[in-house]
Amino acid sequence: MDIQDLKCFITVCKYMNFTKAGRELHFSQQGISKIIKHLELSLGVPLFFRENSKLRLTDYGNYLYPMAKNICDEFKALNDNMNSFIAKDNNKLKIAIPRGMTWELIGSQLQNFYNHNSTAQLIICQADDLGVEEALLNGEVDIGFCIAPISSECFTIHKSYKAHTHYMISTQNPLSKKNVLSIRDMKGEKFIGFGPQNKGHDTLKKQCEAANFEPVLYAEVDDMNILYQMVKENQGIGFYVGNPANATPIEGITIIRDVSDGWFWELLLATRKQHELRSIDKNFIKEFHNW
């Protein structure tokens, strides 16, 4: 039994549902069930009655709950306070951004931040969409650029940026000659993306299903340089996350907007609810007031 087991137990108690607890903790339903089973085996007693897909705490579960919650709350407070204490005496600002997010989206704001905070040390890490949220929740980063939607209970949203969906298409592909595209034009095309941990993955599937076809998900790529090369060689179609008007031209690749109804993405500048904003955090967020 460890703190992660107790956190899982508390979250299951919150929803009395493995699937909903899994969504909050970014685990599958099977993963949550496995953790609870491990906890029950380590204690040697059942914690839940499982009755017709419904959960109910046993007497052992009711006895464990307040103690587990107190331990988790104290552990979180210890972690938060220690992180705050460590961060107070330095000018480090840790930022998480989604893979695939282009420099053009935040480049000018970052430059302004450096100009106004010359002693700041900015540490930028990349992760998939859910990984950015997890890094924020775990206190691994101070500020994150999250793909909407995110939980208003867990995060504070300071600014948002909304834009249309754009494709990156090889100039060898006949679709590159069009001024605009719709999802229906994509039938039979191969997509290169970032996998199910990214929110655009499910959105793409829903858009294709609405157009009565199944998307061809050719490859998942974490490295943007590899993605650019694959698109350039016409091995598939990628997605461009940013403003094409500010994009640095890439030889052999054309960026074209999708005009399908209701298909856009939104980037959110966020912190976790419990994060106490330092002066450096506030200065960074301030640079995005006209974003």
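Which residue of β4 does L93 stand opposite? In this predicted model, L93 faces L122 of β4, and the views below begin with the sheet that holds this pair.

**Figure 1. Overview of the predicted protein chain.** The model is a prediction and comprises 9 helices and 13 strands. Along the principal axes, the C-alpha atoms fill a box of roughly 70 × 55 × 30 Å. Of the 291 residues in the protein chain, 43% are buried. Among contacts between residues at least 6 apart in sequence, 75% link residues at least 24 apart. The exposed surface of the protein chain amounts to about 16200 Å², of which carbon and sulfur atoms supply 50%.

**Figure 2. The open sheet of 5 strands, in the order β4-β3-β5-β13-β6.** Pairing within this sheet is mixed. Strands β4 (121-127) and β6 (155-164) occupy the edges; each has a single partner strand, so one side of each lacks a neighbour in the sheet. From one strand to the next, the twist averages 20°. Strand β3, spanning residues 92-98, pairs with β4 in the parallel sense over 7 bridges. In the opening pair, L93 stands opposite L122 in β4.

**Figure 3. Helix α6 packed on the sheet.** Helix α6 covers residues 129-137 and touches β3, β4, β5 (143-147), β6 and β13 (264-272). The direction of α6 makes about 145° with that of β5. The helix is mostly covered, with 7 of its 9 residues buried. The buried residues are D129, L130, G131, V132, E133, A135 and L136. Their packing partners are β3, β4, β5, β6, α7 (199-210) and β13. After α6 comes G139, which has a positive phi near 75°.

**Figure 4. The salt-bridge network of K14, E24 and E153.** The model contains 11 salt bridges by the criterion applied. Side chains of opposite charge can pair when their charged atoms come close. In one of these pairs, the side chains of K14 and E24 meet at 3.1 Å, N to O. Because K14 belongs to helix α1 (residues 3-15) and E24 to helix α2 (residues 18-25), this pair ties together parts that are 10 residues apart in sequence. K14 also forms a salt bridge with E153, where the closest N and O atoms are 4.0 Å apart. E153 is located in the loop between β5 and β6, while K14 is in helix α1, so this pair ties together parts that are 139 residues apart in sequence. Which of the classes buried, partly exposed and exposed applies to E153? E153 is exposed, its relative accessible area being 59%. K14 is partly exposed, with a relative accessible area of 48%, and E24 is likewise partly exposed, at 26%. Through shared partners, the salt bridges join K14, E24 and E153 into one network.

**Figure 5. The salt bridge between R50 and E40.** The two side chains meet at 3.2 Å, N to O. R50 lies in strand β1 (residues 48-51) and E40 in helix α3 (residues 29-43); the pair therefore ties together parts that are 10 residues apart in sequence. Is E40 buried or exposed? E40 has a relative accessible area of 6% and is buried, because it falls under the 20% cut-off. R50, in contrast, counts as partly exposed at 42% relative accessibility.

**Figure 6. The nonpolar cores of the predicted chain.** In soluble globular proteins, nonpolar side chains tend to be buried together. The largest nonpolar core has 24 residues, among which I106, F145, L267 and F284 touch the most other members. Two or more residues of this core come from each of β3, α5 (107-116), β5, β6, β13 and α9 (279-286). Which residues does I106 touch, not counting those up to four places away in sequence? The contacts of I106 are with I97, M101, F145, F288 and W291. A second core, separate from the largest, has 20 residues, including I3, A21, I32 and I35.

Conventions:
Residues are numbered from 1 along each chain as its sequence is written. This is a predicted model: local features need pLDDT of at least 70, side-chain atom pairs count only at pLDDT 80 or more; totals for chains, interfaces and linings use all residues. Side-chain values use heavy atoms; hydrogens and water are left out. Two strands pair if DSSP finds at least two bridges between them. Helices (H or I, at least four residues) and strands (E, at least two) are DSSP runs, numbered from the N terminus. Axes are lines fitted to C-alpha atoms, for helices over the stretch in contact, and angles run from 0 to 180 degrees between N-to-C directions. Contact means heavy atoms within 4.5 Å. Buried means under 20% relative accessible area, exposed over 50%, partly exposed in between (1.4 Å probe, protein chains only). Accessible areas come from the Shrake-Rupley method with a 1.4 Å probe; for residues, only the protein chains shown count as cover. A nonpolar core is a set of buried Ala, Val, Leu, Ile, Met, Phe, Trp, Tyr and Cys residues joined through side-chain atoms within 4.5 Å.
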